[in-house]
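Please take a moment to look over the sequence and the structure shown below. The explanation that follows starts from one small detail and then widens step by step.

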Amino acid sequence: MSKVKTAGIIGDLEYKTAKVKVFYWLYFAIMVCVSLICILPPVWVILSSLKDIKEFYAIPPTIIPRSLHFDKIWNTWNEFRFLRYYANTSYLTLGTVAFTVFFNGLAGYFFSKLKPTGSAFFFLLILWTVLLPNTIGIVPLFSNIVDFPLLHINFTNTYWPLWFLAAVNPVAILIFKNFFDTIPASLVEAAHIDGASKIGIFLRIVLPLSIPILITITILTINGVWNDFFWPYMILKDQSKWTVIVAIYNLRSTLPADIQFLGLTFAIVPPVLLFLFFQRYIVQGYAIAGGVKG
Amino acid sequence: MSANISMQPYAPKKRKAKFIMYWIKEWSSWLLIVPTLLFFFFFSWQPLLSGIWLSFFKTKGFKADGFVGFQNYIDVIQNSVFQQTLINTFMYVIWSLVIGFVIPIVVAVIINEMRQWNSWFRFSVYFPSLIPGIAASLLWAFLFEPSENGVINMLIGKIGIHPLQWLQDPHLTIVTIVLTITWRSFGATTLLYLASLQGVNSELYEAASIDGADIWRKFRNITIPQIAPLIGLTLILQISGVFQIFNEPLVLTEGGPNNASMTLQLQSYFYAFRYFEAGHSVALGVVTFVILMVMTIYYFRIQKKWDRE
C-alpha cells in the first residue's frame, strides 16, 4: 500500500493520545470478534465434514476436529456423482455468460451508440423493469416455460429458459450502456464510413474495447449462476440435470448429515476460490452495480 | 419522432416520405434489439401483465377459467393465515432493521479507522456473502439444531443459557432467520458504506481538527452527512428486499412451526405449486406488489421533502 492519506476520523495527532489509543484497540478487538463470527461457521462446517463418522456424531460435537479424513472428499465426490452436478453447473454457466454478454451487450450498444428515434421509450420500459418487484410474474412465467406461447414447447428439464432469463438483465444492460458511452463516437463513425455493418462494429470494435467490463460482467454472472436457486429448482426436476445448489437442496432429506456437510463444502469452495482469484473485478463490479442503483 | 410529426401536421406526403426514410436508415438498428425485447416481453413484461389479469379469474392449472372479479382477493384476504402472514412479513422487515441496519454502518466506520489488518477485516466481513444463499441457510440450519447437541446451543450453554428451540420456537423463528440473513448480507452493504466513506475529503477532517472539533463532532458533522444519502437508499432497498423474503424461510422452516415464519411470497408460492391454486397465488402477489409500491412511493415522497429542506 502506498502512503495515501486515508480519510479516517481519527487524525494522526489524536491517535497518539492515550485515551484514543484505548478506544482504538477496543474497536480493533470488536472487529476481530466480528471477523471470527463471519469466518468460523463455514470453516467449522468444512472441517467437520472431514471428521470420521464416530466423531461426527459425538455428543457434544467437537469444536476443533480431532480427525481429518481427506479421502472422504474423494469417496463422496464419486459416490454421489458431484462431478455431474459440477459439469451441469458449468454448462449452464457457459450459456448464461454467452446470453448475458451477447444480448445485454447488444442492447447496451443499441441504447448507447445506435439510438434511433423512439429507442428512449424502450430504454425507459427496461429501466422500469428494475424498479418493479417481481411478486406477480412467477406463475405466468412458469406457465410460459412449461408451455411456451404460440410455439407450445415444454422447456422443463432444459437449460434454455435459464439462458433466456439471462438475457433479461436490466442491470447488465445499464452497466454496458454506461461503459459504451465512454467509447468515442468518432471510432464508430470511422468504422461505419469504412463500410462495417452495425453488428460488425459491435463485434469487432465495441466488444474488443470493452474487455475490462466484459471480465467484470462475466465473473459476476458466474457467481450469480452458482448462487441461483429458484428457477433452476423449478425447471430442473430431473436429477441428471441438477446444478450443485439444486442438488444440495434436494438431497438434504435423504443423505446422512456428514455427507450433507461435504455437499455444503463442495458448494462453498468454488465461489470463494473465484473471489480470491478475481477479487479486483468482483469488488469493482459491486461498485458499478451500486452506482447504477444509486 | 412525435415531435417531428406535430411540427408538420399539414404535410402528410412529406410525413410519409420521412417515415420511409427513417426505416431505410434504422431498420438494421432495430433488428439488433428485437431478440432482447422479445426475451423481455415473454419473460418479464407479459408475465407481469398476465399475472394481474389472471388474478381476476378462476384458474385451472395455470390457465384462466371463468371471470370471478375480486373473488380471489376476497378468498386470499379472508383466509385465516393471511393476517398472520402479513404481520410476519412486517416482523421480518422490522427485525431485519433492528438487527441488521446499523451493523454495516458501524462496521464500515470502524474498518475505515483501522490502521492494522484493514484488508483482512474487509475480506472477512465480505466472506459470508461469497457463500451461496441456500448453502448458508442449510449451514445455519445445522448450527441452530434445537437439541443440546446443536453447536449454538452448546456455545450458549457455556455461558449458562439453557438450550433454545430456535427455528422450532414460534417466538424465535423469525429472529433466528433474520440473524442468518444478516450474517450473510451485512458484509456487502458494509463494502458500499466503505466506498462512500473513502469519498470523504481528508482535508475536511484536518480542518475540523484545527478548529478544535473532537472525534465525536467530526463523526456527527462530517461522516454522517457524507453517508446519509446511502443510508436512505439502503433503507428502502432493505425494506423492499426483506419484504419479498422467500428462499430462507423455505429452506429453514417451510413457513413453520404452524405458519409462525410464513411470509407473503412463500405463501404465494405454496398457493401456486403446493395447492395448485394459481389464481389465489397471483392475487396474493398483487397484494404484496401494491403494498411494496405504496411503501416505495411514500419513501420517495419523504426523500423529496428532505431534499427540498
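In this predicted model, B:K60 stands opposite B:K63, a residue of strand β2 of chain B. The strand to which B:K63 belongs covers residues 63-67 of chain B, and its partner is strand β1, made of residues 57-60 of the same chain, with which it pairs in the antiparallel sense over three bridges. The two strands form a hairpin with two residues between them, and in this hairpin B:G61 takes a positive phi near 65 degrees. How many of the five residues of strand β2 of chain B are buried? The count is zero, and this strand is therefore hardly covered, given that a residue is called buried if 20 or more other C-beta atoms lie within 10 Å of its own.

From the hairpin we can step back to the chain that holds it. Chain B contains 14 helices and two strands, and 37% of its 309 residues count as buried. The domain assignment divides chain B into domain 1, at residues 2-54, and domain 2, at residues 73-308, and the C-alpha centres of these two domains lie 41 Å apart.

The overall dimensions of chain B can be read in a similar way. Its C-alpha trace spans about 85 × 60 × 35 Å along its principal axes, and its radius of gyration is 26 Å, whereas a compact globule of 309 residues would have a value near 19 Å. Among the contacts in chain B with a separation of 6 or more, 64% are accounted for by residues that are 24 or more positions apart.

Next comes the meeting of the two chains. On the side of chain A, 70 residues are in contact with 82 residues of chain B. Which helix of chain A gives the most to the side that touches chain B? That helix is α2 of chain A, at residues 18-48, which contributes eleven residues. Sorted by class, the side of chain A that touches chain B consists of 52 nonpolar, 14 polar and four charged residues.

Chain A also carries an annotation from a record. UniProt, in an unreviewed entry, places the feature "domain: ABC transmembrane type-1" at residues 86-277 of chain A. In the model, this span of chain A is 72% helix and 0% strand, and the C-alpha atoms at its two ends lie 19 Å apart.

Methods
Residues are numbered from 1 along each chain as its sequence is written. Chains are lettered from A and ligands numbered from 1 in the order in which they are written. This is a predicted model: local features need pLDDT of at least 70, side-chain atom pairs count only at pLDDT 80 or more; totals for chains, interfaces and linings use all residues. A residue is buried if 20 or more other C-beta atoms lie within 10 Å of its own, exposed if 12 or fewer, and partly exposed in between; C-beta atoms are placed from the backbone. Helices (H or I, at least four residues) and strands (E, at least two) are DSSP runs, numbered from the N terminus. Two strands pair if DSSP finds at least two bridges between them. Two residues are in contact if their C-beta atoms, placed from the backbone, lie within 7 Å. Ala, Val, Leu, Ile, Met, Phe, Trp, Tyr, Cys and Pro count as nonpolar, Asp, Glu, Lys and Arg as charged, and the others, Gly among them, as polar. The radius of gyration is taken over C-alpha atoms; the globule rule is 2.2 Å times the number of residues to the power 0.38. Domain bounds come from an automatic or database domain assignment. UniProt positions are given in the numbering used here, feature names are shortened, and annotations may be inferred rather than shown by experiment.
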